[in-house]
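Hello,

Here is the structure I promised to pass on to you. Please have a look at it first, and then read on for what I found in it.

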Amino acid sequence: MTAAAAGGLSLGPGAPARAAAGRRAATWENLIEKSSFGSTTAFNQEWNHLYPWDGGADTHNGAARMRQSQVSLSQGVLTLTATRLSAPDGTSPHAPYAPLWYRSGAIHAKERILVNDQFPEYDIEGEFRTQTGQGIWPAFWTTGTWPDWPPETDILEYVGDSTNLFNTWNKDGGDGSTVEREPVGGHNPDAWHTYRVWMSKDGDDVLLDYYFDGVYKATHRGVGWAGIPQWLIVNLQMGSWASGIEPGAPGWDQQPGPSGPTTFRARNVWVGRTRAY
């Protein structure tokens with residue numbers, strides 16, 4: 001199936017002229033169909049549970065340990081639910097080593113994103129509905145297959161407040177990283193919002209055009225990203241940097257956040273790409 005049949009090719013107000021020209025000339029193929037959350041069978045064809053590293057990891061840089069039991073499907077909607085424990089379940093092995101006060105859910109796509117000469121353009125999008133606030137850290141993002149990090153693009157990321165962060169992470173030339181960031185407001189926790197990134201190869205780099213609710217917001221450059229495979233992840237982290245408390249500061253051990261269930265919902269998640277040969 002072509003992207004024209006399933007993805008919708010309108011790029012919205014303010015889209016770069018080069019993007020519109022490239023899109024009109026392109027023939028697309030779908031990697032992930034919008035129906036992948038329609039049934040367990042469809043889900044299992046496109047997605048895996050947990051994080052992709054280490055063969056399926058249950059922790060990352062937040063205060064939640066991921067479990068398949070925290071992931072559900074209903075009428076085409078994926079729901080990740082975070083619940084607070086009565087006591088922490090150990091400590092995350094990833095910096096900043098937050099105590100694991102929550103159970104939550106994470107999934108990742110089986111097919112990796114690979115922008116190169118054969119696949120020079122990718123369109124990644126989805127509709128999401130999420131709670132936000134202190135301790136809540138939902139994300140829809142890609143990351144280089146470890147240890148190739150960066151690249152990373154955060155298509156949706158709320159870190160303890162109601163401002164979405166379109167982030168593009170690059171190597172800094174040494175052992176660290178730098179981030180190009182576009183904060184975007186307008187989030188309503190009771191509404192569905194659409195988040196989208198359009199990737200296109202530009203020499204050894206990848207250009208990333210970000211959209212919120214169909215409106216173009218920014219273009220970032222992924223330096224040296226071409227040819228590096230990336231995982232696509234949907235997860236509901238909790239605490240850690242979203243807690244509003246610096247590691248080791250008073251209150252860090254308690255990881256303040258919601259005491260009741262927290263939900264992050266997704267539907268119509270879709271990935272398409274061009275094939276040059």
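**Salt bridges across the chain**

Let me start with one pair: Arg267 and Glu127 form a salt bridge, and their closest N and O atoms are 2.8 Å apart. Arg267 belongs to strand E17 (residues 262-274) and Glu127 to strand E8, so this pair ties together parts that are 140 residues apart in sequence. With a relative accessible area of 27%, Arg267 is partly exposed, whereas Glu127 counts as buried at 18% relative accessibility, because the cut-off for buried is under 20%. Please keep in mind throughout that this is a predicted model.

Why can such pairs form at all? Side chains of opposite charge can pair when their charged atoms come close.

How many salt bridges does the structure hold? The count is 12. Besides the pair above, two others are worth finding on your screen.

- Asp123 and Arg196 meet through their side chains in a salt bridge of 2.7 Å, N to O. Asp123 lies in strand E8 and Arg196 in strand E13, so the pair ties together parts that are 73 residues apart in sequence. Both of these residues are buried.
- Asp117 and Lys201 also meet in a salt bridge between their side chains, at 3.1 Å, N to O. This pair links distant parts of the chain, 84 residues apart: Asp117 is in the loop between strand E7 (106-109) and strand E8 (121-130), and Lys201 is in strand E13 (residues 193-202). Asp117 is exposed, with a relative accessible area of 51%, while Lys201 counts as partly exposed at 29% relative accessibility.

There is a network to look for as well. Asp58, Arg65, Arg67, Asp89 and Arg103 are joined into one network by salt bridges that share partners.

**The chain as a whole**

If you step back from the single pairs, you will see three helices and 17 strands in the chain. Its radius of gyration is 18 Å, close to the 19 Å that the globule rule gives for 277 residues, so the chain is as compact as a globular protein of that length. The C-alpha trace spans about 55 × 45 × 35 Å along its principal axes.

What share of the residues counts as buried? Of the 277 residues, 51% do. The accessible surface of the chain comes to about 11,400 Å², and 48% of that belongs to carbon and sulfur atoms. Among contacts between residues at least 6 apart in sequence, 68% join residues at least 24 apart. As for charge, the chain has 21 positive and 29 negative side chains, and the centres of the two sets lie 5 Å apart.

**Two buried loop residues**

Thr59 sits in the loop between strand E2 (47-49) and strand E3 (64-66). Thr59 is buried, with a relative accessible area of 5%. Leaving aside neighbours within four places in sequence, the residues in contact with Thr59 include Tyr51, Trp53, Pro93 and Leu100.

Ala98 is in the loop between strand E5 (77-84) and strand E6 (102-104), and is buried too, at a relative accessible area of 1%. Which residues does Ala98 contact, leaving aside its neighbours within four places in sequence? Among them are Gly62, Thr91, Ser240 and Trp252. Ala98 and Asp253 are 155 residues apart in sequence, yet in space they are 7.6 Å apart, C-alpha to C-alpha.

**Backbone details to check**

Where are cis peptide bonds found? One joins Ala95 and Pro96, with omega about 10 degrees, and Pro96 is in the loop between E5 and E6. The peptide bond from Pro150 to Pro151 is also cis, with omega near 25 degrees; Pro151 is in the loop between strand E9 (136-144) and strand E10 (152-157).

Two residues other than glycine have a positive phi in the loop between E2 and E3:

- Leu50 has a phi near 70 degrees and is located in that loop; Leu50 counts as partly exposed at 22% relative accessibility.
- Asp54 has a phi of about 55 degrees and is found in that loop; Asp54 counts as exposed at 69% relative accessibility.

Enjoy exploring it, and best wishes.

How values were computed:
Residues numbered from 1 in each chain as written. Predicted model: local features only at pLDDT ≥ 70, side-chain atom pairs only at ≥ 80, totals over all residues. Heavy atoms only, no water. Salt bridge = Lys/Arg side-chain N within 4 Å of Asp/Glu carboxyl O. Helix = DSSP H or I, 4+ residues; strand = E, 2+ residues; numbered from the N terminus. Buried < 20%, exposed > 50% of the residue type's maximum accessible area, 1.4 Å probe, protein only. Contact = heavy atoms within 4.5 Å. Rg over C-alpha atoms; globule rule 2.2 N^0.38 Å. Areas by Shrake-Rupley, 256 points an atom, 1.4 Å probe, with all protein chains shown as cover. Lys, Arg positive; Asp, Glu negative; His and termini not counted. Charge placed at Lys NZ, Arg CZ, Asp CG, Glu CD.
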